[in-house]
Amino acid sequence: MSATLPAGTPARPLRVAVIGAGPAGVYAADILTKSEAVTSGALTVSIDLFDRYPAPYGLIRYGVAPDHPRIKGIVNALHKVLDRGDIRFFGNVDFGTDLTLADLRTHYDAVIFATGAIKDADLNIPGIDLAGSFGGADFVSWYDGHPDVPREWPLEAKEIAVIGNGNVALDVARILSKHADDLLVTEIPDNVYAGLKASPVTDVHVFGRRGPAQVKFTPLELRELSHSKDVDIVLYAEDFEFDEASDEAIQSNNQIKTMVGTLTNWIAEQPEDLSELTASRRLHLHFLHSPVEVYDDASAPGTVAGIRFERTELDGTGNARGTGEFVDYPVQAVYRAIGYFGSALPEVDFDHSKGVIPNDGGRVLDAGGTHVPGLYATGWIKRGPVGLIGHTKGDALETITLLLEDRETLPAAPAPASDAVVALLEERGTDFTTWEGWLALDAHERDLGGRAADAGLRRERIKVVPRDEMVEISRGGVTAQV
Ligand code: NAP
């Protein structure tokens with residue numbers, strides 16, 4: 001049994017490690033520093049924020065579509081938190097290899113896991129592994145310049161199917177259908193621009209398995225589809241089915257009401273004869289289609305040649321059931337965007353069916369359902385990949401409240417000195433990056449963007465993609481400032 005922190009005001013700061021520097025981790029760290037216990041002077045805290053990537057911001061940097069600049073407001077808020085200097089950032093540090101749980105136990109009184117969910121949920125239908133079938137989250141990682149995905153993405157399909165009716169499906173469909181030149185004002189890396197520019201795509205089909213009143217995306221994101229230049233939206237009258245639950249949802253949920261209104265207006269304005277559409281690309285929105293099989297054909301065995309759906313109908317409760325009618329769409333690529341899924345962490349119990357760390361309000365549980373002292377979770381790895389970025393704040397508040405409730409019984413770290421962990425990383429040869437390093441990389445990326453202005457195009461930033469380049473720029477002359 002390890003020693004516990006003495007009751008009352010501790011003689012030294014409470015040492016907390018946060019694993020994951022996305023919004024969930026930064027919010028948790030920020031909320032802890034602003035807690036009454038800390039602001040009243042009853043408690044002092046020393047917080048280190050670790051991330052496996054050399055740069056902070058997690059899914060904001062590697063999950064938000066580049067043409068969503070309003071998200072920048074969130075980045076600015078996170079920047080302000082980390083720029084205060086009371087939370088240390090260590091990037092390029094992998095939990096489980098560069099730092100183990102035992103290391104964290106040695107140096108910190110509490111550990112908060114905020115590792116999110118970055119992988120695609122599985123879709124278990126025949127043919128999902130054919131060449132030309134992709135995970136939407138992987139594609140997002142590619143267009144967002146994630147350092148651990150290949151730089152090249154095969155964009156050879158003229159007709160593409162996107163499965164899912166959430167915001168990721170819309171992001172994927174929008175980026176696939178948009179003309180690359182219209183993305184050139186964003187921070188997309190050069191390889192992404194070149195890949196999209198060469199894409200021969202003409203038609204992107206998005207498929208929801210339920211009806212227009214059961215979509216998971218949000219009104220702004222839906223409306224945004226109509227802003228893509230030279231891309232016509234196409235809808236199908238036979239997909240507009242509403243059951244009792246749909247009517248109820250339309251009455252009681254403003255977002256659903258708005259989206260059904262938008263879709264209904266679009267279909268009303270659409271020419272009856274689709275050949276009258278003039279854009280060079282089309283984005284089709286289909287509802288009541290449940291994916292059954294991705295298929296190949298004799299001309300190219302092993303490669304996507306199309307996708308089969310079973311038509312569905314609403315069952316009165318807002319759920320859909322199969323009608324026994326099947327329909328095929330010849331497409332050369334399939335993207336599944338049916339949700340993210342969390343990844344297990346070394347030495348921490350994991351719920352493989354939900355993709356989360358088992359927890360009770362953020363207190364990490366062991367296989368027997370008992371709280372593991374000193375371990376906490378927050379964000380998508382705590383509650384699953386649902387909700388907008390802002391929702392993560394409430395989550396962090398709950399987790400931090402419990403951590404503070406537990407603080408007098410936390411297992412006290414035997415080596416709590418704040419420079420010991422730096423020495424350990426250095427001794428292991430980990431090329432960790434720091435906040436000052438991020439400022440250097442940030443300035444570098446902005447500079448790259450500024451230089452594009454000389455070529456007549458103002459870009460706020462161009463992302464640096466390769467990990468070694470990110471690390472090199474971040475560590476250039478700034479290794480001794482921690
Ligand atoms: P999501 O919102 O959960 O949507 C998943 C979609 O996949 C749903 O339409 C779901 O249909 C469908 N689906 C699930 N399993 C399926 C299956 N076996 N076959 C066919 N369809 C299936 O997930 P997400 O799009 O990954 O988004 C995750 C979170 O991030 C959401 O909260 C989202 O709003 C947020 N996000 C926001 C933005 C933004 O721009 N604001 C961008 C990206 C992500 P059912 O409803 O029938 O289950």
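## The second largest pocket

In this predicted model, the second largest pocket holds about 310 Å³ of space. Its lining is made up of 19 residues. If you would like to find the pocket on screen, look for Ile 60, Lys 72, Val 75, Glu 187 and Arg 461, the lining residues that lie nearest its centre. Three elements give two or more residues each to this lining: helix 3 (58–62), helix 4 (72–83) and helix 15 (435–452).

Which helix gives the most to the lining? Helix 4 does, with four residues. Sorted by class, the lining of this pocket has eight nonpolar residues, eight charged ones and three polar ones.

## Aromatic pairs across the chain

Now let us turn to the rings. Across the whole structure, a search finds 19 aromatic pairs. One of them joins Tyr 57 and Trp 438: the ring centres are 5.7 Å apart and the planes meet at 85°, so this pair is edge-to-face. For that label, the angle between the planes has to be over 60 degrees. Tyr 57 sits in the loop between strand 2 (45–50) and helix 3, while Trp 438 belongs to helix 15, so the pair ties together parts that are 381 residues apart in sequence. Both Tyr 57 and Trp 438 are buried.

Phe 139 and Tyr 335 form another edge-to-face pair, with 5.1 Å from centre to centre and 65° between the planes. Here too, distant parts of the chain are linked: Phe 139 is in helix 6 (residues 136–143) and Tyr 335 is in strand 14 (residues 333–336), 196 residues apart. Are these two rings buried or exposed? Phe 139 is buried, with a relative accessible area of 0%, and Tyr 335 is buried as well, at 1%. Both residues also belong to a cluster linked by ring pairs, whose members are Phe 134, Phe 139, Trp 142, Tyr 143, Trp 153 and Tyr 335.

## Helix 6, an enclosed helix

Phe 139 has plenty of buried company in helix 6. Seven of the eight residues of this helix are buried, so helix 6 is largely enclosed by the rest of the structure. The buried ones are Gly 136, Ala 137, Phe 139, Val 140, Ser 141, Trp 142 and Tyr 143. Just after helix 6 comes Gly 145, which takes a positive phi of about 70°.

## Two residues with a positive phi

Most residues other than glycine have a negative phi. Tyr 57, which we met in the ring pair with Trp 438, has a positive phi near 90°. Tyr 57 lies in the loop between strand 2 and helix 3. Why does Tyr 57 count as buried? Its relative accessible area is 3%, and buried means under 20%.

Glu 347 also has a positive phi, in this case near 70°. You can look for Glu 347 in the loop between strand 15 (340–341) and strand 16 (359–360). Glu 347 is exposed, with a relative accessible area of 54%.

## Charged side chains and their partners

Next come some charged residues. Glu 445 is part of helix 15 and is buried, with a relative accessible area of 0%. What does the side chain of Glu 445 make a polar contact with? The partner is the side chain of Arg 61, at 2.7 Å.

Arg 475 has a ring as its neighbour: Arg 475 lies over the face of Phe 432, at 5.5 Å from the ring centre.

## Separated in sequence, paired in space

Two last examples let you set a distance along the chain beside a distance in space. Lys 197 lies in helix 8 (residues 190–197) and is partly exposed, with a relative accessible area of 45%. Lys 197 and Ala 180 are 17 residues apart in sequence, and their C-alpha atoms are 5.0 Å apart in space.

Pro 385 is in the loop between helix 12 (380–383) and helix 13 (391–405). With 25% relative accessibility, Pro 385 counts as partly exposed. How many residues apart along the chain are Pro 385 and Val 356? They are 29 residues apart, and 9.0 Å separates their C-alpha atoms.

Key
Residues are numbered from 1 along each chain as its sequence is written. This is a predicted model: local features need pLDDT of at least 70, side-chain atom pairs count only at pLDDT 80 or more; totals for chains, interfaces and linings use all residues. Side-chain values use heavy atoms; hydrogens and water are left out. On a 1 Å grid over the protein atoms alone, a cavity is a set of points where a 1.4 Å probe fits but cannot get out, and a pocket is an open set with protein on both sides within 12 Å along at least five of seven lines; lining residues have an atom within 4 Å of a point. Grid points are joined across faces, edges and corners, and a volume is the space filled by probe spheres set on the points. Ala, Val, Leu, Ile, Met, Phe, Trp, Tyr, Cys and Pro count as nonpolar, Asp, Glu, Lys and Arg as charged, and the others, Gly among them, as polar. Rings of Phe, Tyr and Trp (its six-membered ring) pair if their centres lie within 6.5 Å; planes under 30 degrees apart count as stacked, over 60 as edge-to-face and the rest as tilted. Buried means under 20% relative accessible area, exposed over 50%, partly exposed in between (1.4 Å probe, protein chains only). A charge sits over a ring if NZ of Lys or CZ of Arg is within 6 Å of the ring centre and within 35 degrees of the ring normal. A polar contact is a pair of N or O atoms within 3.5 Å; within protein, one must be able to donate a hydrogen and the other to accept it, and residues adjacent in sequence count only if both atoms are side-chain atoms.
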